[in-house]
Amino acid sequence: MTGELPENMDRAGGPAESAGMNPDPSSKAAVCGVCFHRCHLKEGQTGFCRARKNTGGKVRPVNYGELTSLALDPIEKKPLARFYPGSMILSVGSFGCNLACPFCQNYEISCADRESARTRSISPSGLCALAESLKSRGNIGIAYTYNEPLIGWEFVRDTARLVREQGMKNVLVSNGTAGLPVLRALRPYIDAMNIDLKSFRPDYYEKVLCGNLDQVKDWIRESVRFCHVELTTLIVPGANDREDEIRAMAEWIASLDSGAGKISWHLTRFFPRHRMTDRSATDIALIRRLADIARESLRYVYTGNC
């Protein structure tokens with residue numbers, strides 16, 4: 001079942017005239033409320049993320065139950081360093097994303113839409129049964145990952161509910177770019193998250209990623225209150241690799257758990273990819289130096305792709 005969006009998340013509203021829409025309710029125009037983009041969609045239009053469409057005046061996910069990727073992974077690949085280490089987890093992904101990162105590692109699916117994506121259809125119960133069948137291989141649950149799972153949060157919710165009922169774990173690997181109503185809908189079922197904190201500069205999020213730093217920070221701030229959270233930052237040469245930025249990020253992360261030191265931060269090496277092939281891979285010595293700076297404030301700091 002797909003269920004309904006939380007109240008007020010997909011009703012037409014806002015500056016309809018300035019968006020070039022007919023504000024007449026009979027036009028069945030709708031506003032997607034999942035993230036800060038708040039796409040104003042006419043009947044039949046698909047949003048920025050390529051995965052949510054206005055159908056009959058309601059914004060629905062067109063990627064519900066449509067999988068592009070499925071693999072049994074070590075949980076450390078999510079990456080999660082301190083959540084059931086040594087275990088395996090069934091990782092699943094669909095298509096679409098609500099950011100436009102020029103360095104995207106999974107652009108083949110994040111930039112795909114319903115027409116171009118090669119998918120396999122599966123129901124929440126079917127996916128849950130598959131996860132259960134892999135328990136003998138060390139599987140502890142499902143990780144919603146690869147593309148941005150929050151743009152198809154309804155499938156995550158419906159599947160995660162069944163997975164939780166079977167005593168297994170749910171992991172969300174996300175860019176954290178969604179409103180708090182989505183988080184509240186998922187909160188009863190999510191056990192752990194890895195959230196991208198791609199920079200600490202609002203202009204970087206806006207101009208480079210087509211994102212919104214404030215929404216990501218709100219998501220992180222709320223998530224640490226109810227589940228295990230680890231963060232990841234891809235260190236891109238000449239973009240977000242300044243020592244003062246890393247120090248400010250580490251101090252902010254540390255402030256979230258009142259000095260308990262529970263939040264892990266992964267600083268990951270960049271490799272040329274997608275639309276960002278104009279620079280070399282991040283220097284390993286730089287990654288390690290930035291990790292040492294982060295450790296001035298945080299207990300658990302990890303380096304990735306080194």
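**Exercise 1. Work out why Cys210 has no disulfide partner in this model.**

Step 1: recall that a disulfide is a covalent bond between the sulfur atoms of two cysteines. Here the rule is a pair of cysteine sulfur atoms within 2.5 Å.

Step 2: look for the neighbour. The closest cysteine sulfur to that of Cys210 sits in Cys101, and at 8.7 Å that's too far for a bond.

Step 3: check the surroundings. Cys210 has 30% relative accessibility, so it counts as partly exposed (buried is under 20% relative accessible area, exposed over 50%, partly exposed in between, with a 1.4 Å probe and protein chains only).

Before going on, keep in mind that this is a predicted model: local features need pLDDT of at least 70, side-chain atom pairs count only at pLDDT 80 or more, and totals for chains, interfaces and linings use all residues. Residues are numbered from 1 along each chain as its sequence is written, and side-chain values use heavy atoms, with hydrogens and water left out.

**Exercise 2. Repeat this for Cys111, then give the disulfide count.**

Step 1: for Cys111, the closest cysteine sulfur belongs to Cys104, 5.9 Å away, so no bond can be drawn.

Step 2: Cys111 is partly exposed too, because its relative accessibility is 35%.

Step 3: the total by this rule is zero disulfides.

**Exercise 3. Find the cavities and say what lines them.**

Step 1: fix the term. A cavity is a set of points on a 1 Å grid over the protein atoms alone where a 1.4 Å probe fits but cannot get out, and lining residues have an atom within 4 Å of a point. Volume means the space filled by probe spheres set on the points, which are joined across faces, edges and corners.

Step 2: count. Searching the whole structure turns up two cavities of 30 Å³ or more.

Step 3: take the largest, with about 120 Å³ of space. It has 14 lining residues, and Ser94, Asn147, Pro149, Phe155 and Val156 are the closest to its centre.

Step 4: move to the second largest, at about 90 Å³. Among its 13 lining residues, Cys32, Cys35, Cys39, Cys49 and Arg52 come closest to the centre.

**Exercise 4. Describe how β3 and β4 pair.**

Step 1: strands are DSSP runs (E, at least two residues), numbered from the N terminus, and two of them pair if DSSP finds at least two bridges between them.

Step 2: β3 (residues 52-55) and β4 run antiparallel, joined by four bridges. Lys53 has Arg60 of β4 as its bridge partner.

Step 3: sort the faces of β4 (residues 58-61): Val59 and Pro61 are on the covered one, Lys58 and Arg60 on the uncovered one.

Note on methods
1 Å grid on protein atoms, 1.4 Å probe; cavity = no way out; pocket = protein on both sides within 12 Å on 5 of 7 lines; lining within 4 Å.
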